[in-house]
Amino acid sequence: MLRELFFVAASLLAILTALLTVTRKNPIYATFFLISHLISIAILISTLKLYYLSAIHILVYTGAIMILFLFVVMLLNLKEEELEKDFSIHLKLLYTLAPISVMVIIVGQLKPQDINLSKLSQLNVISFENATKALFDKYFLAFEIVSALIILAIIGSILIAKKKV
Amino acid sequence: MDYNWIETGLQLSRPELLIIGGTVAVIMLSIFKQLSRTFLFLCSCAILIGAGYITLLDIQSYTGQTILFKGAIGYDKFSLFFKMLFIAIAFITMLFSYPVIKNWTSGFVEFLSLLLCCTLGMIYMASSRTFLMMFLNLEFVSITSYIMAGLLRHNKKSIEASLKYIIYGAGSSGIMLFGMSFLYAITGSIDVYTVGNTLRHLDLPNSFYLITSILILAGFAYKMAIVPFHMWCPDVYEGAPTPVTAFFSTGPKIAGFAMMIRFVDGVFGKGSSPFEWQLIFIIVSVLSMLIGNLTALQQNNLKRLMAYSGIAHAGYMALIFLTFTQDSIGSLLFYSVIYSIMNLGAFITIIILEKYYNIDNIQSSAGFAYTNPFLAICLSIFMFSLVGLPPFAGFFSKLLVFMSVIKPLNYLTLFAILVAVITTVISLFYYVKIIGAMFLKQGGNFTITERVSLILNAPMAILALATVAIFITDWDWLFEFCKSCSL
């Protein structure tokens with residue numbers, strides 16, 4: 001019972017904060033609402049008993065990515081008049097209707113019984129031990145490629161940040 | 001615990017290990033100031049030659065199919081073929097980029113190491129079998145491309161190209177992941193062949209397939225530069241350094257096609273499938289041919305023109321998905337070999353024009369043939385081959401694709417082929433516009449600051465010869481080889 005309560009509360013909170021994110025004009029407020037949106041998503045995940053995933057979700061999104069977001073937004077230091085700029089009503093309509101129509105089609109076509117919950121529930125066993133095992137077993141190559149990707153990212157960021165051109 | 005699979009996996013991926021190890025070595029060696037740039041360049045070339053040699057030995061002796069790293073990548077003739085092709089493309093690109101990059105104040109080593117890394121990503125793109133590997137390698141190639149597009153930091157256009165590429169790339173790969181997450185939710189697997197098998201036993205509405213296919217296509221088509229997702233292409237091609245543009249127009253584009261073939265083969269399969277996914281490909285390929293060719297007519301800048309020509313060629317290549325048999329995949333492989341030869345050649349001529357004569361558009365190249373007839377003749381060969389005129393290799397590649405598509409003759413394939421033939425005729429106009437400006441018009445004096453480097457002239461001549469030789473000599477073996485490598 002308590003879990004259903006949490007589920008409903010977290011999903012309502014997620015929708016509310018998502019709406020607030022896209023309607024705020026000040027990017028810093030928008031970022032803060034996005035953080036609370038991501039936290040409510042993490043609560044949603046933890047009601048499915050996927051505690052590890054939810055912890056990682058908070059760590060990666062709220063901890064790393066959103067802080068970077070906030071940092072960049074503050075670094076840009078947008079002026080008042082630039083923040084006042086608004087989209088035209090046509091663009092607003094387009095940006096609202098396009099995602100809604102895609103969502104309606106998908107939700108209308110996808111029956112809940114189609115979703116293979118038995119396979120998804122295997123995720124329940126995710127623990128730190130199993131995750132590390134999977135990383136060096138089934139996803140060995142993916143893990144190695146990510147490490148090469150990080151080398152690349154270092155090269156790129158050094159190239160961009162170097163003073164002497 | 002049994003670790004034999006790691007051992008076999010590493011044994012069969014020696015070229016990849018050589019490339020990634022070599023990349024790190026080149027970065028490390030660049031610390032020493034005593035080592036000249038030529039040495040680093042030769043090191044990178046040696047790495048590619050070594051990797052190519054190992055692959056060549058493998059491809060001759062190997063038949064069959066192996067799945068490596070617990071289903072992550074497939075090791076078969078298809079992936080070996082693309083491994084060879086990508087290493088060759090990277091090697092030619094590295095050769096002719098040297099005269100351009102050797103005078104850069106910064107970014108020399110970065111260019112070499114990024115080119116090597118990008119080759120690795122493309123090789124894995126062509127062999128990945130799971131959604132995870134596909135996404136990861138697509139991002140691998142994309143991130144390398146973002147950095148490479150922005151290598152000229154003092155140039156505003158280069159920065160703009162890099163930023164545009166990042167924004168489009170981030171958006172389209174996000175959309176692709178969204179589509180893949182639906183397939184995962186339905187089937188509970190990330191392996192494309194398992195997903196395909198599971199989907200065949202489920203009775204899902206067509207609109208579900210439609211939505212997921214379009215969502216996933218966003219990520220693939222962005223790499224292939226097919227029409228609804230082609231907007232980044234002209235700006236990035238124009239802004240990026242020209243050797244990098246030459247690489248973008250061949251390597252990552254063909255890698256996108258290779259990945260798409262494996263994806264379609266796994267999820268929808270050859271033969272009948274519950275969903276008529278061919279319709280989507282008819283729409284995108286017809287649109288690419290029309291928009292690519294018609295927009296190219298109005299271009300004056302050479303690199304922008306090549307960008308639109310690349311979009312049109314991606315449309316011709318996407319035609320093979322209409323039939324998707326072993327023959328048509330083979331003809332795509334043949335097309336991609338010929339396309340890389342003539343496109344890389346065309347870009348070498350553009351590099352020479354830009355570097356030595358300061359020409360970057362059609363108007364200012366008027367009367368150029370009287371200054372450097374050798375280059376003008378080579379350029380004409382590449383351009384006629386890109387149109388698909390008979391005495392050049394481009395004719396056969398186009399013909400084979402059209403022939404393989406038209407085999408099950410119905411209204412849809414007939415319509416697609418008609419559009420393809422008409423747009424081919426239209427494409428004649430803009431390619432000939434360049435040749436006409438060079439040969440027929442009177443123009444100003446072209447002064448040259450130094451002699452054109454041999455390292456640019458030699459590959460250009462070889463590629464031009466290859467374009468002619470493939471037509472004249474017996475090209476059947478190449479096509480047979482491509483067919484034997486198809487999935």
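**View 1. Three phenylalanines of chain B in the largest nonpolar core.** In this predicted model, the largest nonpolar core counts 201 residues. Phe82(B), Phe263(B) and Phe321(B) are the ones that touch the most other members. If you're wondering which helix chips in the largest share, look at α14 of chain B, residues 326-357, which brings 20 residues to this core.

**View 2. Phe263(B) and the residues it touches.** Zoom in on Phe263(B) and you'll find two more phenylalanines from earlier in the chain, Phe131(B) and Phe220(B), along with Phe268(B). Phe263(B) also touches Met134(B), Leu183(B), Val192(B) and Ile216(B). Residues up to four places away in sequence are left off this list.

**View 3. Where chain A meets chain B.** Chain A puts 30 residues into the contact, and chain B puts in 41. Together the two chains bury about 3,300 Å², and 76% of that sits on carbon and sulfur atoms.

**View 4. The salt bridge between the chains.** How many salt bridges cross from chain A to chain B? Just one turns up by the rule. Its partners are Asp137(A) and Lys70(B), whose closest N and O atoms lie 3.4 Å apart. As for polar contacts across this interface, three residue pairs make the list, with both residues at pLDDT 80 or more.

**View 5. Chain A's side of the interface.** Three helices of chain A, α5 (89-109), α6 (117-120) and α8 (140-161), each supply at least two residues to the side touching chain B. Of the elements involved, α8(A) gives the most, with 13 residues. Sort this side of chain A by residue type and you get 20 nonpolar, seven charged and three polar.

Terms used. Residues are numbered from 1 along each chain as its sequence is written. Chains are lettered from A and ligands numbered from 1 in the order in which they are written. This is a predicted model: local features need pLDDT of at least 70, side-chain atom pairs count only at pLDDT 80 or more; totals for chains, interfaces and linings use all residues. Side-chain values use heavy atoms; hydrogens and water are left out. Contact means heavy atoms within 4.5 Å. Buried area is the accessible area (1.4 Å probe) that two parts lose on being put together, summed over both. A salt bridge is a side-chain nitrogen of Lys or Arg within 4 Å of a carboxyl oxygen of Asp or Glu. A polar contact is a pair of N or O atoms within 3.5 Å; within protein, one must be able to donate a hydrogen and the other to accept it, and residues adjacent in sequence count only if both atoms are side-chain atoms. Helices (H or I, at least four residues) and strands (E, at least two) are DSSP runs, numbered from the N terminus. Ala, Val, Leu, Ile, Met, Phe, Trp, Tyr, Cys and Pro count as nonpolar, Asp, Glu, Lys and Arg as charged, and the others, Gly among them, as polar. A nonpolar core is a set of buried Ala, Val, Leu, Ile, Met, Phe, Trp, Tyr and Cys residues joined through side-chain atoms within 4.5 Å. Buried means under 20% relative accessible area, exposed over 50%, partly exposed in between (1.4 Å probe, protein chains only).
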